[in-house]
Amino acid sequence: MNNPKLRFRDDSGSRFVDWQKVSFGKTFSFLKSSAFSRAQLNYRGGQIKNVHYGDILVKFPTILNSCCNDVPYVNPAEKTEKYDLLQVGDIVIADTAEDLTVGKAIEISDVSNNIIAGLHTIACRPQRKFANRFLGYYLNSKAFHNQLVPLATGIKVYSIIKSEIVKTRINVPCLEEQQKIANFFSTLDEKIELSERKLEALEQLKKGLMQKIFNQKIRFKRSDGSMYKNWERTRISRLFNFIRNGFVGTIAPHYTDKNNGIRYLQGTNIHNGRISDNIEYYVTKEFNQAHSKNILKHDDILMVQSGHVGECAVVGNYAGSNCHALIIMSNAGMCSSDYIRFYFESSIGKRQLALISVGNTVKHILASDVSKLSVLIPEIEEQEKIANLFLSIEKRIDIVEKQLESLKQLKKGFMQQMFV
């Protein structure tokens with residue numbers, strides 16, 4: 001039986017007929033793709049748009065509208081007459097990738113703009129009737145993609161050729177069930193897109209407010225409506241007890257398991273201003289005691305020293321851990337650690353950190369240089385208001401990120417159960 005685990009029923013509640021297995025080679029005809037490089041494309045304008053394989057892999061949605069701003073134009077000087085214009089329902093497959101995402105496909109849903117398939121793509125036209133958007137979802141399902149993986153050749157770069165892809169088979173339900181499946185996943189995609197737009201709007205809000213607040217174009221006021229004192233420039237070493245480099249020796253001999261060890265934080269644990277819950281390393285209690293100067297307190301700041309230098313997180317619930325990153329040890333009441341974290345996330349703070357970063361291939365910073373930096377500091381009450389504003393925005397970002405991840409996992413689960 002070629003039927004999936006989850007199926008739709010018709011409007012009367014009856015089961016649809018069984019899915020039919022058909023040959024890819026007999027179901028599609030191939031179209032002529034172009035080989036224009038990025039240098040031959042632009043986003044300003046032109047007569048013909050071009051689907052580049054790299055965009056299929058990392059940018060384009062499963063169902064592509066030719067009006068999408070992310071689809072580049074072919075430069076007017078290039079000749080395009082010999083390439084087939086795509087039609088609604090055509091499929092474009094990325095035939096090359098650096099990993100096993102090779103074979104990712106898109107379905108063309110609109111041709112308001114003339115559009116052709118581009119570099120490293122296989123363009124296909126169905127030779128039988130399919131419901132709109134069904135093929136786009138089916139050809140990206142694990143059920144179909146698992147057939148492509150053994151056909152891919154290469155070591156560092158994987159490729160699939162037409163003579164191999166024609167050997168695959170696709171399972172096809174009746175048109176009515178195809179349309180129900182396509183509508184279902186389209187609705188899920190709309191919800192995912194809405195969450196992505198919400199997330200982008202919140203991130204832009206945070207970025208915009210950071211620019212205005214740390215340039216003092218927006219100021220908070222006291223509860224009685226009066227202004228706080230002017231901000232002062234103060235050396236950071238005067239605001240915190242210590243600024244020191246994290247442990248820099250060989251740590252491997254001191255690793256232990258989670259049940260018997262103390263968390264060991266690294267710069268790689270810091271992501272978007274927070275410490276990831278996925279702590280990879282734990283060290284012995286003896287090591288922790290021997291290096292007690294690197295033990296973290298609740299309001300200490302952890303700063304990435306190498307790579308994405310200057311990215312910060314307030315330790316919070318990870319107090320008591322040892323670490324391999326720069327430590328800014330708090331001095332209660334002198335300065336808000338959250339304020340300093342957001343300060344260094346702002347464009348002003350980033351510029352200051354960039355000036356003290358050293359190294360060619362990989363940038364790094366030292367505690368001695370960070371301690372000499374002077375930062376703009378308002379009164380502690382205004383600091384806390386600024387920090388609380390950005391913390392509230394980040395809380396909303398967290399909620400939307402979780403909703404988005406939940407929707408993506410839901411779609412992934414349905415894709416596995418609704419296609420064979």
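## Overall layout and the spot around Ser-371

The protein's secondary structure adds up to 11 helices and 25 strands, where helices (H or I, at least four residues) and strands (E, at least two) are DSSP runs numbered from the N terminus. Its radius of gyration, taken over C-alpha atoms, is 28 Å, well over the 22 Å that the globule rule (2.2 Å times the number of residues to the power 0.38) gives for 420 residues, so the protein is more spread out than a compact globule.

Keep in mind that this is a predicted model: local features need pLDDT of at least 70, side-chain atom pairs count only at pLDDT 80 or more, and totals for chains, interfaces and linings use all residues. Numbering runs from 1 along each chain as its sequence is written, and side-chain values use heavy atoms, with hydrogens and water left out.

Here are some whole-protein numbers.

| Property | Value |
|---|---|
| C-alpha box along the principal axes | roughly 75 × 50 × 50 Å |
| Buried share of the 420 residues (under 20% relative accessible area, 1.4 Å probe, protein chains only) | 45% |
| Exposed area of the protein (Shrake-Rupley, 1.4 Å probe) | about 21900 Å² |

Carbon and sulfur atoms supply 50% of that exposed area. As for contacts (heavy atoms within 4.5 Å), residues 24 or more positions apart make up 78% of those with a separation of 6 or more.

Now for one residue. Ser-371 sits in the loop between α10 (367–370) and β25 (374–377). Its relative accessibility is 18%, so Ser-371 counts as buried. Setting aside neighbours within four places in sequence, Ser-371 touches Arg-235, Ile-236, Ser-237 and Ile-243.

Notes: Buried means under 20% relative accessible area, exposed over 50%, partly exposed in between (1.4 Å probe, protein chains only).
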